[in-house]
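The following paragraphs are intended to be read alongside the model. Please keep the sequence and the coordinates in view.

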Amino acid sequence: MRATSWTWRFEDTEGRPVEDERAAAAVFPAQADAEAWIGEVWRGLREQGVEVARLYADGTEVYGPVSLRVAD
């Protein structure tokens, strides 16, 4: 059985991809690891213009878009 690779993809307010060096190199062995990582770095991503994130398992979108804005 092959292990699943979990990755994030990011978009700006217009839905355009936003590249992030950390995310490009970040491949996670488990969904929980990917979710913990974004919980640690989301503020920095917002500063780079990331509006939403999408989680992928082996290239298939699992969920998203997830807003990186602070709820009012």
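In this predicted model, the side chain of Arg54 makes a polar contact with the side chain of Glu11, at 2.8 Å. Arg54 is located in strand β3, which covers residues 52-57. Arg54 counts as buried because its relative accessible area is 17%, and the cut-off for that class is under 20%. Leaving aside residues up to four places away in sequence, Arg54 touches Thr7, Trp8, Arg9, Glu11, Glu61, Tyr63, Gly64 and Pro65.

Ala53 is likewise a residue of strand β3. With a relative accessible area of 0%, Ala53 is buried. Among the residues that Ala53 touches, not counting those up to four places away in sequence, are Trp8, Arg9, Phe10, Gly64, Pro65 and Val66, together with Ile38 and Leu68. Ala53 can also be located relative to Ala36: the two are 17 residues apart in sequence, and their C-alpha atoms are 13 Å apart in space.

The wider setting of strand β3 is a sheet. Four strands form this open sheet in the order β2-β1-β3-β4, with antiparallel pairing. Its edge strands are β2 (17-18) and β4 (60-67), each of which pairs on one side only. Strands β3 and β4 run antiparallel and are joined by 5 bridges. Across this pair, Ala57 stands opposite Thr60 in β4. Helix α2, residues 31-47, packs on the sheet and touches β1 (6-11), β3 and β4. The direction of α2 makes about 30° with that of β1.

The helix itself may now be considered. Helix α2 has 17 residues and reaches 24 Å from its first C-alpha to its last, close to the 24 Å expected at 1.5 Å a residue. A kink of about 55° is nevertheless present in α2, centred on Val41. Val41 also belongs to the buried residues of the helix, which are Ala34, Trp37, Ile38, Val41, Trp42 and Leu45. These buried residues of α2 pack against β1, β3 and α1 (21-25). Ile38, one of the buried residues of α2, is among the residues touched by Ala53. After α2 comes Gly49, whose phi is positive, near 95°.

Returning to the starting point, Arg54 and Ala53 both lie in strand β3. Arg54 has its polar contact with Glu11, whereas Ala53 touches Ile38.

Note on methods: Residues numbered from 1 in each chain as written. Predicted model: local features only at pLDDT ≥ 70, side-chain atom pairs only at ≥ 80, totals over all residues. Heavy atoms only, no water. Helix = DSSP H or I, 4+ residues; strand = E, 2+ residues; numbered from the N terminus. Buried < 20%, exposed > 50% of the residue type's maximum accessible area, 1.4 Å probe, protein only. Polar contact = N/O pair within 3.5 Å; in protein donor to acceptor, adjacent residues only side chain to side chain. Contact = heavy atoms within 4.5 Å. Pairing = 2+ DSSP bridges. Axes fitted to C-alpha atoms, helices over the stretch in contact; angles between N-to-C directions. Expected span 1.5 Å × (residues − 1). Bend = angle between axes of the 7 residues up to and from the residue.
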